Amino acid sequence: MASIRMPFWLRVVWLLGVTAFCVGLGLLGYRWYTRPVTLTVAVGSIDGEAAKAMAAIESRFVADGANVRLKIVDTGTAVESAKSFAAGKVDLAVVRGDVGDLSEAQAIAVLSHVTVLLVAPPGSSIDSIEKLSGRTVGVLSGEANAKIVELLNKTYDLARNKVTFKNLNLEDARQAVQSKQVAALLVAIPLAEKYLTLVKGLFPQGPKSLPVLIPIESAAALAQANRAYESFDVPKGTLRGSPPVPDDDVTTLRTSLYIVAKKTLDSDVATNLTQSIMKVRRELSRENPLFAQITAPSTDADSYLPVHPGAAAFYNGTQQSFLDEYGNYIYLTPMILGGIASVLAAAWKFLGIGQPAFRTGPLDTLYGMARRIRAVDSDTELSKIEEEIDDVLRAERIKAEEGDESAVDAATLNVVAHRLEDLIHERRAMLVTKRPVASVA
């Protein structure tokens, strides 16, 4: 056997090497199994804040040791984010509900609500959409807000009333207002102080400089026909507190800013992502109130944007229980431990540790004499072996007479002794034939 031929030190080295290999392989497999999943997310906005917000979420994921990591792809605009997602270039995207092809999208969370504001400069007499007749309306993020413009045109027949829309970037909007190139601005923003300050900064400032918020009175009908929107009342004093602007709630449209995932995203990954987002929302909202707007999307079956099953499991509290998730591990663990115990036992036996030494009882002594008999070269040595056999037999007979339970029974001793006598007789005959014949003088 290998355990006999191989030196003990070599067996130890070999076993340590195999153990180190198995442990290393196990650790590698564990690290692979528990590694965080990295998901690419497309995000874009005209002010770059959306990418910064996702970067803050990713940083918190890392700090919290979340099972999900985000690789942020800044596309520059919400439109480009939607295009990247539809083209399958990313796993996730931050998109508006009214922008792009979302046929393959399922909601993970609502990051914010985006409210449509039609704002006229201070002192303007325009307090309704009908009074925009013959005027130009500046549109910030024109490509993203194209659907809103289309709906307003269709609902209020603005083209017939010679209302034109002019796309503006953020840098040109203030100049367009001051030079009266536009009679009003159309923007779609979250109702957060940061963005409201940005909008107010586009108009002249002063105690009596009160911008005018134009209502979209047909918002309810528009929302009913276009599920990406909902009717929403901008609260009194949203743009300014004293005197309040607006001086009463103003009806308008609102859509949602979602983080969406592909339908093919693994449900467990989606659940972990949703759980992590909701956790960091509480942590980050202390630093930036905008994160407090992160909410769960509608989980109704007929919702505009269906919720990913993994996200729905988190929101509905239908995540797998401990036994459901780890039942297989609980079942397999005893089997694995049993296998490990068998391997350890085999290693212990391989090393020869704890095994009884070769027995040196009377039978072993007698059996060992058989090898000596076959190797002797003289009658004298055979006679000496015969005396040793007699000594063993005598000692065992005395032990038997004294009642020693370890004594070998007489029948067994006689069988072994008889075999040894036959071997001695055969060896003597062989030695005789090997002796040289004396020459005759």
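Trainee: What percentage of the 441 residues in the protein is buried?
Mentor: This is a predicted model, in which local features need pLDDT of at least 70, side-chain atom pairs count only at pLDDT 80 or more, and totals for chains, interfaces and linings use all residues. Residues are numbered from 1 along each chain as its sequence is written, and side-chain values use heavy atoms, with hydrogens and water left out. Buried means under 20% relative accessible area, exposed over 50%, and partly exposed in between (1.4 Å probe, protein chains only). On that scale the buried share of the 441 residues is 38%.

Trainee: How many helices and strands does the protein have?
Mentor: Helices (H or I, at least four residues) and strands (E, at least two) are DSSP runs, numbered from the N terminus. The secondary structure comes to 14 helices and 12 strands.

Trainee: Which element gives the most residues to the largest nonpolar core?
Mentor: A nonpolar core is a set of buried Ala, Val, Leu, Ile, Met, Phe, Trp, Tyr and Cys residues joined through side-chain atoms within 4.5 Å. The largest one has 34 residues, and Met54, Leu70, Leu92, Ile108 and Leu273 touch the most other members. Elements that give two or more residues include β1 (37-43), α3 (49-64), β12 (250-262) and α9 (267-284). The most, seven residues, come from α9.

Trainee: Which residues does Met54 touch, leaving out those up to four places away in sequence?
Mentor: Contact means heavy atoms within 4.5 Å. By that cut-off, the residues touched by Met54 are Val41, Val43, Leu70, Ile72, Val94, Leu111 and Ile259.

Trainee: Why is α12 called roughly antiparallel to α13?
Mentor: Axes are lines fitted to C-alpha atoms, for helices over the stretch in contact, and angles run from 0 to 180 degrees between N-to-C directions. The axes of α12 (residues 362-375) and α13 (residues 379-401) come within 11 Å and cross at roughly 170 degrees. Angles under 35 degrees count as roughly parallel, over 145 as roughly antiparallel, 65 to 115 as roughly perpendicular and the rest as oblique. The crossing angle therefore makes the α12 and α13 pair roughly antiparallel.

Trainee: Is Met430 buried, partly exposed or exposed?
Mentor: Met430 lies in helix α14 (residues 410-434). Its C-alpha atom is 9.7 Å from that of Asp377, with the two residues 53 apart along the chain. Because its relative accessibility is 37%, Met430 counts as partly exposed.
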